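Biologist: I would like a close look at a single part of this model, namely one helix and what surrounds it. Please set that part in the context of the chain, and give the reasoning where there is any.

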Amino acid sequence: MKKLVAIAPRHSHLFISELAGAIQHLIKSSMDELHNFGEAVKALLHTTSSDGAAILRVLQALSSLVSSISEKEKEMQLLPETERSSALGQVSDINAALEPLWIELSSCISKIESYSDSAPDLSAPSRTSTSRQSGVTSPLPAGAQNILPYIESFFVVCEKLHPAPQGSGHDLGMAAISDVEDASTSSGQPKTSGPITKFDEKHVFVKFSEKHRKLLNAFIRQNPGLLDKSFSLLLKVPRFVDFDNKRAHFRSKIKHQHDHHHSPLRISVRRAYILEDSYNQLRMRSTQDLKGRLTVHFQGEEGIDAGGLTREWYQLLSRVIFDKGALLFTTVGNESTFQPNPNSVYQTEHLSYFKFVGRVVGKALFDGQLLDVHFTRSFYKHILGVKVTYHDIEAIDPDYFKNLKWMLENDISDVLDLTFSIDADEEKLILYERTQVTDYELIPGGQNIKVTEENKHQYVDLVAEHRLTTAIRPQINAFLEGFNELIPRELITIFNDKELELLISGLPDIDLDDMRANTEYSGYSAASPVIQWFWDVVQGFSKEDKARLLQFVTGTSKVPLEGFSALQGISGSQKFQIHKAYGSPDHLPSAHT
């Protein structure tokens with residue numbers, strides 16, 4: 001059909017008419033099938049859907065045809081207006097005709113979910129484990145595969161045939177699709193690129209995805225490839241995708257690049273000059289070179305890098321990069337989070353170093369390595385391209401945040417004497433150690449513009465932008481230049497700031513139950529007295545001692561996001577192991593990575 005339309009676009013309305021007729025024919029039987037699935041769980045468990053697959057096939061053909069016609073827009077203009085209107089009008093009629101089917105689909109899903117919640121034995125475990133961090137442990141309800149083609153059909157229509165948002169002139173009357181309030185758009189989720197870049201919160205797709213996110217994520221968890229295909233539209237509103245599913249999608253995209261790049265990336269560094277040597281050896285490498293498998297050699301030492309040396313390099317290098325003496329980053333707030341140091345200008349080639357740091361952090365994400373460092377919330381937002389707000393100042397300067405909050409919540413008329421400028425003393429606090437500081441105007445002529453009740457919101461926004469962005473903009477840009485060489489922006493922006501922190505730094509705490517459940521024994525069993533003694537002792541360790549133990553036995557102080565089941569060894573996944581040491585009982589325990 002696409003080839004015929006390409007040759008004779010004036011006949012496209014005939015094909016659309018035929019497909020529309022096929023859809024109309026299938027709608028009634030499809031609604032009956034969904035109704036039966038919703039009313040009788042036995043029908044869901046013991047029936048294989050045929051109408052769902054059929055309507056999906058027709059809708060995919062129709063959407064492909066419409067896309068092809070759109071590409072031939074100029075030729076379409078040559079059609080008589082009546083025929084062109086007929087072709088476009090039929091697409092609109094199809095959307096209207098499908099409206100009851102989507103309402104029946106939503107009702108069916110709700111009933112399936114209630115069956116699953118009330119009868120756990122009706123649930124089938126998904127084949128991929130769910131991460132503890134996602135907070136979601138729901139398996140895929142048994143028989144749910146029967147409604148998957150219908151959900152895919154709905155997504156095809158939303159992405160390619162564009163049903164109108166609720167409240168528009170082409171109201172689909174889909175209010176029944178969700179009873180919940182409109183989700184707030186203040187979650188900070190960035191918009192991704194694509195044919196559709198923004199959905200109105202009342203759009204039927206948003207309503208549907210919000211109401212049924214539990215089942216949608218269960219489908220993705222069982223078949224991650226859905227996010228690349230029929231469920232790809234969910235990545236346009238990524239807050240509906242659970243973190244573990246987003247992470248799996250991210251890893252699969254990175255793995256695809258890894259699999260297509262086989263040249264190793266070898267570096268040789270001196271421990272005492274790890275920053276300088278790493279910087280000099282990596283800064284001139286191309287982006288393609290940086291995607292190679294990293295192999296590290298510490299000069300003057302013997303040893304083959306089977307993964308342990310690379311982990312140690314990341315650990316040692318990050319300590320030096322974020323040390324105050326390097327002048328690149330500074331701690332703020334509780335002294336445990338980092339952001340670029342405005343005074344890095346005193347470091348030679350400081351912007352080149354920030355680009356290098358961006359490459360290191362990007363390379364760590366690319367390689368699946370975790371870094372023992374946490375940035376400020378605002379810096380994570382800069383990486384994601386999300387606008388910072390005055391709320392982000394709280395983590396940096398709680399008292400200043402309280403002052404700004406008071407301003408916004410109270411009438412400041414005749415109370416505060418402020419202008420749209422920051423005086424030298426306050427600017428010096430923002431720029432930390434820098435000695436030569438002058439007044440800073442937030443807007444041109446700001447020293448002569450008073451802050452009033454009417455413009456105070458603009459003032460607060462400008463102050464937040466200056467403190468969190470303007471003062472360190474060159475450093476941020478240099479970091480992002482290096483980071484985005486390895487990590488595409490459209491791939492990282494599916495995460496929010498908290499998820500990005502987890503992605504870069506891993507789990508904040510060590511779960512001994514998880515570690516114990518993912519330990520393998522040789523010469524012992526889990527019930528052996530020595531093993532029982534071992535875990536009893538470890539249970540009493542402080543948080544710091546647990547981290548030291550982890551460093552001792554795995555070569556890293558961080559746990560993978562998937563937990564201890566995902567620890568890596570020389571040949572891939574390798575669980576923590578305890579082997580019985582045969583020989584003299586006087587020998588002390590030994591460990592290696």
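Modeller: What follows begins with the whole chain, turns to helix α19 and its surroundings, and ends with a few other places.

The model is a predicted one, and its secondary structure comes to 24 helices and 12 strands. Of the 593 residues in the chain, 48% are buried, and among the contacts with a separation of 6 or more, 74% are accounted for by residues 24 or more positions apart.

Helix α19 covers residues 473-486, which is 14 residues, and from its first C-alpha to its last it reaches 21 Å, close to the 20 Å expected at 1.5 Å a residue. Its buried residues are Gln475, Ile476, Ala478, Phe479, Leu480, Gly482, Phe483 and Leu486. The elements against which the buried residues of α19 pack include the helices α12 (287-290), α14 (350-367), α15 (377-384), α18 (456-468) and α20 (489-492), and also β6 (337-340).

Two of these neighbours can be followed further. In α14 lies histidine 350, which has a relative accessible area of 13% and, because the cut-off for burial is under 20%, counts as buried. Leaving aside neighbours within four places in sequence, histidine 350 is in contact with Leu328, Ser344, Val345 and Gln475, and Gln475 is one of the buried residues of α19.

The other neighbour is α18, which packs with helix α16 (residues 398-409) at an angle of about 160 degrees, the two axes being 9 Å apart. Angles over 145 degrees count as roughly antiparallel, and α16 and α18 are therefore roughly antiparallel to each other. Their crossing is left-handed. On the side of α16 the contact is made by Tyr400, Leu404, Met407 and Leu408, while α18 contributes Lys456, His457, Tyr459, Val460, Val463 and Arg467. Taken by class, the residues of this contact of α16 with α18 divide into seven nonpolar, one polar and two charged.

Another helix pair in the chain can be set beside that one. Helix α7 (residues 148-161) and helix α9 (residues 213-222) pack at an angle of about 105 degrees, with 12 Å between their axes. Since angles of 65 to 115 degrees count as roughly perpendicular, α7 and α9 are described as roughly perpendicular to each other. The contact is made by Leu148, Ile151 and Phe155 of α7 together with Leu215, Leu216 and Phe219 of α9, and by class these residues divide into six nonpolar, no polar and no charged.

The loop between α8 (204-211) and α9 is the place of histidine 212, which counts as buried because its relative accessibility is 0%. Apart from neighbours within four places in sequence, histidine 212 is in contact with Ser106, Ile109, Ser110 and Glu113.

Lastly, strand β3 (residues 265-269) holds serine 268, which is partly exposed, with a relative accessible area of 23%. Its contacts, leaving aside neighbours within four places in sequence, are with Gln281, His297 and Gln299. Of these, glutamine 281 is 13 residues apart from serine 268 along the chain, and the C-alpha atoms of the two are separated by 8.3 Å.

Definitions and conventions. Residues are numbered from 1 along each chain as its sequence is written. This is a predicted model: local features need pLDDT of at least 70, side-chain atom pairs count only at pLDDT 80 or more; totals for chains, interfaces and linings use all residues. Side-chain values use heavy atoms; hydrogens and water are left out. Helices (H or I, at least four residues) and strands (E, at least two) are DSSP runs, numbered from the N terminus. The expected span of a helix is 1.5 Å times one less than its number of residues. Buried means under 20% relative accessible area, exposed over 50%, partly exposed in between (1.4 Å probe, protein chains only). Contact means heavy atoms within 4.5 Å. Axes are lines fitted to C-alpha atoms, for helices over the stretch in contact, and angles run from 0 to 180 degrees between N-to-C directions. Angles under 35 degrees count as roughly parallel, over 145 as roughly antiparallel, 65 to 115 as roughly perpendicular and the rest as oblique. A crossing is left-handed if the near helix is turned anticlockwise from the far one by less than a right angle, and right-handed if clockwise. Ala, Val, Leu, Ile, Met, Phe, Trp, Tyr, Cys and Pro count as nonpolar, Asp, Glu, Lys and Arg as charged, and the others, Gly among them, as polar.
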